[in-house]
Amino acid sequence: QVQLVESGGGLAQPGGSLRLSCAASGGISSIGTVDWYRQAPGMQREWVAFITTGDTTNYAASVKGRFTVSRDNAQNTVYLQMNSLKPEDTAVYYCRPNVRTKSGWTYAWGQGTQVTVSS
């Protein structure tokens with residue numbers, strides 16, 4: 001059974017930084033593209049960024065230039081470095097990797113990690 005553990009969330013001041021991690025385990029033979037999403041209170045979940053197996057990345061306009069996604073394939077872990085944080089970045093952040101198991105390819109969701117940006 002695929003398990004995703006997200007960590008690194010917390011409270012940051014405006015202008016500060018946080019680094020989120022998303023570690024995958026449990027019968028995974030390969031990890032494809034990984035997306036990050038976020039959901040603010042009362043809002044729909046929105047896409048933030050993705051990284052492909054070839055390290056191609058793309059970002060939502062709202063975070064471009066401030067957030068950086070990277071991956072460590074040996075550790076089955078993906079990171080989201082968040083710099084120059086703004087109060088509007090406050091949300092629960094989720095990773096969504098495309099993982100390959102014995103059953104084939106499937107998307108998995110992390111449990112989410114809370115990021116709060118406030119002075």
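How many disulfides does the structure hold? One. A disulfide here is a pair of cysteine sulfur atoms within 2.5 Å.

This is a predicted model, in which local features need pLDDT of at least 70, side-chain atom pairs count only at pLDDT 80 or more, and totals for chains, interfaces and linings use all residues. Residues are numbered from 1 along each chain as its sequence is written, and side-chain values use heavy atoms, with hydrogens and water left out.

**Stop 1: the whole chain**

Show the protein as a cartoon. It has eleven strands and zero helices. Both are DSSP runs, numbered from the N terminus: helices are H or I with at least four residues, strands are E with at least two. The radius of gyration is 14 Å, close to the 14 Å that the globule rule gives for 119 residues, so the protein is as compact as a globular protein of that length. That radius is taken over C-alpha atoms, and the globule rule is 2.2 Å times the number of residues to the power 0.38. Along the principal axes, the C-alpha atoms fill a box of roughly 45 × 25 × 25 Å.

Now switch on the surface. About 6300 Å² is exposed, and carbon and sulfur atoms supply 45% of it. Accessible areas come from the Shrake-Rupley method with a 1.4 Å probe; for residues, only the protein chains shown count as cover. Of the 119 residues, 42% count as buried. Buried means under 20% relative accessible area, exposed over 50%, and partly exposed in between (1.4 Å probe, protein chains only).

Contacts come next, meaning heavy atoms within 4.5 Å. Among contacts with a separation of 6 or more, 54% are between residues 24 or more positions apart.

**Stop 2: the disulfide**

Select Cys22 and Cys95. Their sulfurs are joined, S to S 2.0 Å. The pair links distant parts of the chain: Cys22 sits in β3 (residues 18-25) and Cys95 in β9 (residues 91-101), 73 residues apart. Measure the torsion about the S-S bond in your viewer: it is about 60°, so the disulfide is right-handed. Buried or exposed, for Cys22 and Cys95? Both are buried.

**Stop 3: the nonpolar core**

Select Trp36, Val48, Phe67, Val69, Leu80, Met82 and Tyr93. Of the 29 residues in the largest nonpolar core, these touch the most other members. Such a core is a set of buried Ala, Val, Leu, Ile, Met, Phe, Trp, Tyr and Cys residues joined through side-chain atoms within 4.5 Å. β3, β4 (30-39), β5 (46-51), β7 (67-72), β8 (77-82), β9 and β11 (113-117) each supply at least two residues of this core. In soluble globular proteins, nonpolar side chains tend to be buried together.

Centre on Val69. What is Val69 in contact with, leaving aside its neighbours within four places in sequence? The list includes Trp36, Phe50, Tyr59 and Leu80.

**Stop 4: β4, β5 and β6**

Strands pair here if DSSP finds at least two bridges between them. β4 and β5 run antiparallel, joined by five bridges. Val34 has Ile51 in β5 as its bridge partner. Their hairpin has six residues between the strands, and Gly42 takes a positive phi near 75° there.

Move on to β6 (residues 57-59). β5 pairs with β6 in the antiparallel sense over three bridges. Pick Ala49, whose bridge partner in β6 is Tyr59. Five residues lie between the strands of this hairpin.

Stop at Asp55 in the loop between β5 and β6. Its phi is near 65°, a positive value in a residue other than glycine. Most residues other than glycine have a negative phi. Asp55 is partly exposed, with a relative accessible area of 49%.

**Stop 5: β8 and its partners**

Colour β8. Five of its six residues are buried, so β8 is largely enclosed by the rest of the structure. β3 pairs with β8 in the antiparallel sense over six bridges. Ala23 has Thr77 in β8 as its bridge partner.

Then add β7. Six bridges join β7 to β8, and these strands also run antiparallel. Phe67 stands opposite Met82 in β8. The two strands form a hairpin with four residues between them.

End at Asn76, in the loop between β7 and β8. Phi of Asn76 is near 50°, again positive in a residue other than glycine. At 26% relative accessibility, Asn76 counts as partly exposed.
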